[in-house]
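Welcome to this tour. Please open the structure in your viewer and keep the selection panel at hand.

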Amino acid sequence: MQQLEINNLRVAIGESEIVRDLSLTVRTGEVHAIMGPNGSGKSTLAKVIAGYPDYRVTSGGVLMDGENLLELRPDERARRGLFLAFQYPSEIPGVTIANFLRAAAQSRLPEGEELEATDYYAKLYEKMDLLDIDRSFTSRSVNEGFSGGEKKRCEILQMAMLEPRFAILDETDSGLDIDALKVVAHGVNSLRSPNLGVLLITHYQRLLNYIIPDFVHVMVQGRIVRSGDKELALELEEKGYDWIRDHAEEPALV
Ligand code: ADP
Ligand code: MG
């Protein structure tokens, strides 16, 4: 068993402290959901773990199997087995999904080692079958003119191919139509395994009707104010965020 460990993390953007003393441990085999109102810092947390610039970690740390992730470049984090699904994925006109995924797989190999085309396609088709994705899908350009559901399908296929040990999925607060939601749910449920830890960030409880998390955390104003099991998500759905918001303080300046 391995773990992604967030310890007393504080993150600032400019003068504002966005993540405020947040601690959370995700083990392989577990699915953790983070819920919370808009602006509570959920996406900031995801981006800091993945290694986006612009964010200043003022204290605390993020460890993956005991190694300090924050000292690694984003590509090194990915190589160690971290995957972040983008909230707003980019279109790459002229590059097919098949070639894009192949380039991604190639870039993970040690220098000078060539990806075998037959091995690659065997794996690609295996993952597509697992996820119920049609063979014609991978000849389309990455995200170009894709529906919400197709973007999610592309993202989930990337995740399947990269076989991460920890995946962070930051789901849009709006715009996840029912098709997209089912793609994400089917993908995560199919890829769920003792070798994968998932951190699923979502605004709405609805997604958690399809992906049953092992743990649910509520994030308000930069910190986790409550943790529980799937029942907590139902309780939130019923009572709304105001019920829990009272537990948080005003944003601090740093
Ligand atoms: P959530 O994903 O929970 O809705 P975010 O992490 O996107 O929250 O945002 C948390 C707070 O940080 C918000 O007040 C937002 O305006 C601010 N914020 C996020 N990213 C930036 C940025 N790049 N520059 C300035 N402020 C930002
Ligand atoms: Mg967000």
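A residue counts as buried when its relative accessible area is under 20%, and as exposed when that value is over 50%, with partly exposed in between. Keep in mind along the way that this is a predicted model.

**Stop 1: a residue in a loop**

Select Gln 205, which sits in the loop between β10 (197-202) and β11. Is Gln 205 buried or exposed? Its relative accessibility is 5%, so Gln 205 counts as buried. Now show what surrounds this side of the loop: leaving aside residues up to four places away in sequence, Gln 205 touches Met 35, Ala 233, Leu 234 and Glu 237.

**Stop 2: the hairpin after the loop**

Follow the chain into strand β11, residues 215-220, and colour it together with strand β12, residues 223-228. These two strands pair in the antiparallel sense, with five bridges. Click on Val 220 and you will find Arg 223 of β12 standing opposite. Two residues lie between the strands of this hairpin. One to pick out in the turn is Gln 221, whose phi is positive, at about 45 degrees.

**Stop 3: back to the start of the chain**

Next, select strand β1 (residues 3-13) and strand β2 (residues 16-27). How many bridges join β1 and β2? There are nine, and the pairing is antiparallel. At Ile 13, look across to Ser 16, its bridge partner in β2. β1 and β2 form a hairpin too, with two residues between them. In its turn, Gly 14 has a positive phi of about 60 degrees.

Keep β1 selected and add strand β4, residues 56-64. β1 pairs with β4 as well, in the antiparallel sense over seven bridges. To see where they face each other, click on Ala 12, which stands opposite Arg 56 in β4.

**Stop 4: a pocket**

Rolling a probe the size of a water molecule over the atoms shows where empty space is left. Turn to the second largest pocket, which holds about 190 Å³ of space. To outline it, select Ala 105, Arg 108, Leu 109, Leu 115, Asp 119, Tyr 120, Lys 123, Met 161, Leu 162 and Glu 163. Two elements each give two or more residues to this lining: α4 (117-130) and α5 (148-162). Which element gives the largest share? That is α4, with three residues. Colour the lining by residue type and you will see six nonpolar residues, four charged ones and no polar ones.

**Stop 5: aromatic rings**

Stay with Tyr 120, since this pocket-lining residue also opens the last stop. A pair of aromatic rings is described by the distance of the centres and the angle of the planes. The model has three aromatic pairs. In one of them, the ring centres of Tyr 120 and Tyr 121 are 4.9 Å apart and the planes meet at 70 degrees, so the pair is edge-to-face. Tyr 120 is buried, with a relative accessible area of 3%, whereas Tyr 121, at 26%, counts as partly exposed. Add Tyr 125 to the selection: ring pairs link Tyr 120, Tyr 121 and Tyr 125 into a cluster.

Finish with Phe 137 and Phe 146, where the centres lie 5.6 Å apart and the planes are at 35 degrees, so this pair is tilted. Phe 137 is buried, with a relative accessible area of 6%, and Phe 146 counts as buried at 8%.

Key
Residues are numbered from 1 along each chain as its sequence is written. Chains are lettered from A and ligands numbered from 1 in the order in which they are written. This is a predicted model: local features need pLDDT of at least 70, side-chain atom pairs count only at pLDDT 80 or more; totals for chains, interfaces and linings use all residues. Side-chain values use heavy atoms; hydrogens and water are left out. Two strands pair if DSSP finds at least two bridges between them. Helices (H or I, at least four residues) and strands (E, at least two) are DSSP runs, numbered from the N terminus. On a 1 Å grid over the protein atoms alone, a cavity is a set of points where a 1.4 Å probe fits but cannot get out, and a pocket is an open set with protein on both sides within 12 Å along at least five of seven lines; lining residues have an atom within 4 Å of a point. Grid points are joined across faces, edges and corners, and a volume is the space filled by probe spheres set on the points. Ala, Val, Leu, Ile, Met, Phe, Trp, Tyr, Cys and Pro count as nonpolar, Asp, Glu, Lys and Arg as charged, and the others, Gly among them, as polar. Buried means under 20% relative accessible area, exposed over 50%, partly exposed in between (1.4 Å probe, protein chains only). Contact means heavy atoms within 4.5 Å. Rings of Phe, Tyr and Trp (its six-membered ring) pair if their centres lie within 6.5 Å; planes under 30 degrees apart count as stacked, over 60 as edge-to-face and the rest as tilted.
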